[in-house]
Amino acid sequence: FVMGFNCSAMDINDQGLVLNTGRYTAGFAASLTLNGVSFNNVQVITRDTSLDHFTEQPYKVYLSKGPGLVAYEMFPGRQLWVKQ
């Protein structure tokens, strides 16, 4: 998916992907602003980092209906990349 961020889904609905259970959880926001950029219908998928060995890679991705991937956040540094 994105630089080692690899989750799988079993379905898709109005709020995005319906994830298989595991290290990934999903949330939904009708609107969300990241670094001053606003997005609508955003699904946030977060990876559990408790088993990570501090390898810099995405732990959170933001998907928006239409544009797709709009942002991701790295772990452990917490750097945020946002589509402009």
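What follows is a short chat about the strands, cores and aromatic pairs of this structure.

Me: Before we start, what kind of model is this?
Reply: Residues are numbered from 1 along each chain as its sequence is written, and side-chain values use heavy atoms, with hydrogens and water left out. Local features need pLDDT of at least 70, side-chain atom pairs count only at pLDDT 80 or more, and totals for chains, interfaces and linings use all residues, as this is a predicted model.

Me: How many residues sit in the hairpin between strand 1 and strand 2?
Reply: Strands here are DSSP runs of E, at least two residues, numbered from the N terminus. Strand 1 (residues 9–13) and strand 2 (residues 16–19) run antiparallel, joined by 4 bridges; two strands pair if DSSP finds at least two bridges between them. A9 has L19 as its bridge partner in strand 2. The hairpin joins the two strands through 2 residues.

Me: Is Q43 buried or exposed?
Reply: Q43 belongs to strand 4 (residues 37–47). Leaving aside neighbours within four places in sequence, Q43 is in contact (heavy atoms within 4.5 Å) with residues including Q15, F28 and Y62. Buried means under 20% relative accessible area, exposed over 50% and partly exposed in between, with a 1.4 Å probe and protein chains only. At a relative accessible area of 5%, Q43 is therefore buried.

Me: Which elements give two or more residues to the largest nonpolar core?
Reply: A nonpolar core is a set of buried Ala, Val, Leu, Ile, Met, Phe, Trp, Tyr and Cys residues joined through side-chain atoms within 4.5 Å. The largest one has 10 residues, among them V2, L19, I45 and M74. The elements giving two or more are strand 5 (57–64) and strand 6 (68–75).

Me: What type of aromatic pair do Y59 and F75 make?
Reply: Rings of Phe, Tyr and Trp (its six-membered ring) pair if their centres lie within 6.5 Å; planes under 30 degrees apart count as stacked, over 60 as edge-to-face and the rest as tilted. Y59 in strand 5 and F75 in strand 6 are 16 residues apart in the chain. Y59 is buried at 8% relative accessibility, and F75 is buried at 9%. Their ring centres are 6.0 Å apart and their planes are at 65°, so the pair is edge-to-face.

Me: And what about Y72 and W81, which type are they?
Reply: Y72 counts as buried at 17% relative accessibility, whereas W81 is partly exposed at 37%. With ring centres 5.2 Å apart and planes at 25°, the pair is stacked.
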